[in-house]
Amino acid sequence: MTKELGKAYQPQEVETAVYQMWTEGGYFAPRKGSKPTYTIVIPPPNVTGQLHLGHAVVNTLQDTLIRYKRMDGYETLWMPGTDHAGIATQIVVEAELKKKENKTRFDLGREAFVERVWEWKETYGNRIVEQLKKLGASCDWDRLRFTMDEGLSRAVREVFVALYEKGLIYRGNRITNICICCQTALSETEVEYEEQDGKLYYVRYPVSRSVRGSQDVSRSVRASRAVAEEGSEFPLAATCEATEQLVVATTRPETMLGDMAVAVHPEDGRYKHLIGKTVTLPLMNREIPVIADEYVDKEFGTGCVKITPCHDPNDYDVAKRHKLPELLIMDQKGVINKNGGKYNGLTREKARIAVLEDLEKGGFLVKTEPHPHNVGTCARCHQNVEPMASEQWFVSMKSLAEPAIAAVKEGRTKFVPERFEKLYLHWIENVRDWCVSRQIWWGHRIPVWTCVDCARIVVSSEDPTECPLCKSGHLVQDPDVLDTWFSSALWPFSTLGWPDDTEDLRRFYPTDVLVTAYDIIYLWVARMIFSGIEQTGQEPFHTVYMHGLLRDAEGRKMSKSLGNGIDPLEMIDKYGADALRVYIITLVNLQGGDIRFVPERCEHFRNFCNKLWNASRFVLSSLGDTDCWTLPESLTLPDMWIVTKLQSLIYDITAHLDKYELNLAALKMTDFIWDDFCDWYIELAKIQLRSDDTKETTQQILAYVLETALRLLHPFAPFITEEIWQSFPGGLRDGPSLMIAKWPEPEDRLRFKRETAEMELLMDTVRAVRARRNEMKVPPSKKAAWTVETQHTELFERHADMFRALAGAGGVTFGPAPEGAVTVVSDGATVYLPLAELVDLEAERARLQKELAAAQKDYDALSQKLQNEHFISKAPERVVAAERERLTALKERIERLSQ
């Protein structure tokens with residue numbers, strides 16, 4: 001049954017009904033057949049998430065691509081799902097537990113707390129899915145997956161065991177980023193660096209009289225630990241009395257409690273005589289060596305660097321090279337431990353205050369100066385992270401990275417824009433081993449068990465019931481869970497049923513395109529590539545389409561602290577989902593640069609939707625009893641012009657979409673509908689509909705152009721196009737829904753180049769007349785007879801009625817200029833307007849003289865350019881020809897203006 005369009009477009013009413021029709025029709029699911037497949041996996045939003053503009057950007061782009069390919073004859077699958085977001089979800093549930101019950105997770109215990117998180121997930125976890133539907137996302141929701149589903153959890157275990165058995169997963173004590181707020185390890189890609197206003201502290205390290213070696217340092221460390229275990233205070237050097245000192249500059253004086261050496265550059269002449277000697281570590285009264293290492297920057301501070309192996313990744317590397325001992329002086333809560341002597345039990349913040357006080361009392365503190373510097377912060381809670389040595393599980397990356405590097409270098413996986421390829425390769429070619437263990441309770445538990453009786457390690461994809469060595473049933477599972485990105489890295493194939501050989505896996509893997517923002521190129525994109533190759537032998541996708549980050553109108557990153565965040569649901573309620581979608585797409589630039597979002601610009605695209613709606617109501621009301629259409633053999637000049645423009649549009653939109661130039665496609669689409677179709681052809685159609693000779697032809701062209709334009713616009717603005725399409729008579733539609741209608745193909749037989757050029761000539765003259773009337777503020781109701789002087793007299797005479805109607809003329813005559821007329825010059829004609837009584841003739845003469853001078857200046861410059869032999873010989877022939885044509889046009893213009 002054909003719908004009837006209402007007088008005004010009401011997106012809130014239309015969108016709900018249309019989306020329900022799509023879901024009930026099952027149109028989001030892939031249709032089985034012999035067609036080629038096209039697959040996109042959604043970047044799974046966190047179950048804690050609420051739709052924000054970043055989600056709106058990435059999902060609008062994916063939906064546009066999947067709708068285009070669906071109409072273009074592909075068997076499409078847009079795989080949806082959500083991520084368990086280990087740390088983020090645990091933080092949310094812990095906060096709720098504290099607020100409602102004044103309890104911590106430790107009060108509940110691990111098992112009960114995990115149950116509580118699952119309850120929270122069932123209540124709130126699908127909230128963002130429902131919000132994505134309001135945006136128009138055409139995912140196959142029947143396939144909705146969650147990273148902790150049974151099947152995906154099985155895939156995680158299988159991968160862990162396989163990597164462990166290959167020797168690519170190991171447990172080791174290494175420097176790791178620790179968030180003392182979330183109380184867990186983080187990988188390097190989960191740390192965000194921000195500039196903070198810090199200080200640089202200059203501290204004296206007295207030079208010892210004796211020369212000692214590394215064995216003496218180890219003995220000093222052991223003695224320090226013994227004192228700590230006895231609970232005594234370390235002997236504090238009361239004052240700095242040595243005649244020679246090394247002054248060390250540091251931003252973190254509290255970590256000096258774990259110093260194992262002072263390093264200088266081997267070529268720094270100031271300190272060469274001290275290399276191999278020892279200095280006394282202030283406050284701890286421990287002797288440590290002076291070592292030489294090229295890591296040291298001679299220009300930073302004093303050129304002396306304290307080496308704290310357990311609390312700085314660079315120091316850790318230096319210590320390994322020089323075989324220095326390690327001393328951990330802080331726990332994962334950021335509290336000084338027994339190795340910190342008298343500072344044991346203090347938080348890192350309080351320890352800094354106490355250490356500085358004691359350094360100043362002892363005369364060790366030389367000076368303090370401001371020092372802005374980059375500090376690592378947790379990407380989730382934004383607190384400063386603490387680098388420290390701890391025992392964690394790591395993935396060895398070297399052998400995994402090599403095929404992932406080759407996949408991009410050899411072109412099997414491409415980045416759009418291409419510049420992101422360098423970013424990807426720089427990271428993965430220098431990648432460090434990946435810390436995958438997290439000290440939280442929500443997530444995939446590490447599948448490693450230890451036998452209590454014989455200490456045998458058991459790594460298994462299934463929960464073991466007994467020790468394979470001693471047959472004991474006393475097995476304890478590792479308390480840590482895996483990094484959330486470990487499971488997300490398997491997303492393209494685990495969601496399709498891997499490790500089983502499923503029909504979905506065979507049909508839809510490898511997937512085709514990954515759409516995502518560039519900020520997770522390390523966190524997710526790279527890990528999917530090497531995981532896909534390692535586990536399946538194939539790259540998970542052939543293209544990575546990357547977009548920029550969304551920012552506010554001033555270019556600032558959107559954040560709660562700045563209060564500049566924009567709720568896309570509010571934008572949808574106010575302007576409609578289609579207006580938001582089209583605006584977003586037009587913002588995504590081809591270079592992948594960041595996007596500035598101006599909310600008020602949505603109004604422009606809401607107006608576009610209203611324009612399309614009103615134009616469609618006119619077309620549908622003009623069809624009369626027409627319930628099917630065929631293109632007439634005999635077309636008018638405007639008909640030939642609009643169908644030619646439409647063929648070019650079909651070609652351009654298709655080409656832009658195939659090259660991921662979505663913004664250019666959207667802009668061309670809106671320009672065609674607003675300008676060519678609504679502002680020009682519909683106005684011409686109103687004239688033609690009044691004639692019995694052209695009425696039926698015009699009806700057919702109106703129907704053809706609008707219906708085709710709706711197909712082309714559908715991927716960008718799905719709701720309004722579907723609603724209008726459903727309002728067409730049944731014979732004008734080729735299926736139950738626009739979203740599964742056939743994508744248009746351009747037809748050469750409908751390209752009328754000569755006639756289109758003629759129409760453009762008339763339109764250019766009409767534009768010139770309209771502009772002059774507006775400039776002189778002539779009211780639209782004021783009509784007068786125009787005189788036209790042109791080399792194309794036959795063309796203008798043949799279409800005099802059309803020209804008269806569009807240009808607001810009372811009549812049109814052809815001949816030389818009458819007395820007292822205002823001159824309007826276009827590329828194809830000179831029009832004389834008898835409006836002397838309405839304008840200042842002297843001002844008009846001055847305007848024409850100014851226009852003539854400008855044309856003469858352009859003509860002279862172009863003439864000189866074409867007389868330049870260097871230009872003629874170097875420029876392409878088509879460029880030279882175009883410039884000569886422009887010179888001829890300028891000459892004709894000058895002649896007309898001179899008359």
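**Exercise 1. Find the residue that stands opposite Lys 414, and place the pair in its sheet.**

Step 1. Lys 414 stands opposite Thr 543 in β23. Strands here are DSSP E runs of at least two residues, helices H or I runs of at least four, both numbered from the N terminus.

Before going on, note that this is a predicted model, where local features need pLDDT of at least 70, side-chain atom pairs count only at pLDDT 80 or more, and totals for chains, interfaces and linings use all residues. Residues are numbered from 1 along each chain as its sequence is written, and side-chain values use heavy atoms, leaving out hydrogens and water.

Step 2. Strand β23 (residues 543-547) and β15 pair in the parallel sense over three bridges; pairing requires at least two DSSP bridges between two strands.

Step 3. Now widen the view: the open sheet has three strands in the order β15-β23-β22, with parallel pairing. Its edge strands, β15 (414-416) and β22 (513-517), each pair on one side only.

**Exercise 2. Is Thr 586 buried or exposed, and which residues does Thr 586 touch?**

Step 1. Locate Thr 586 in helix α18 (residues 577-587).

Step 2. Check its relative accessibility: at 16%, Thr 586 counts as buried, because buried means under 20% relative accessible area, exposed over 50% and partly exposed in between (1.4 Å probe, protein chains only).

Step 3. Look for contacts, meaning heavy atoms within 4.5 Å. Not counting residues up to four places away in sequence, Thr 586 touches Phe 605, Asn 663, Ala 666 and Leu 667.
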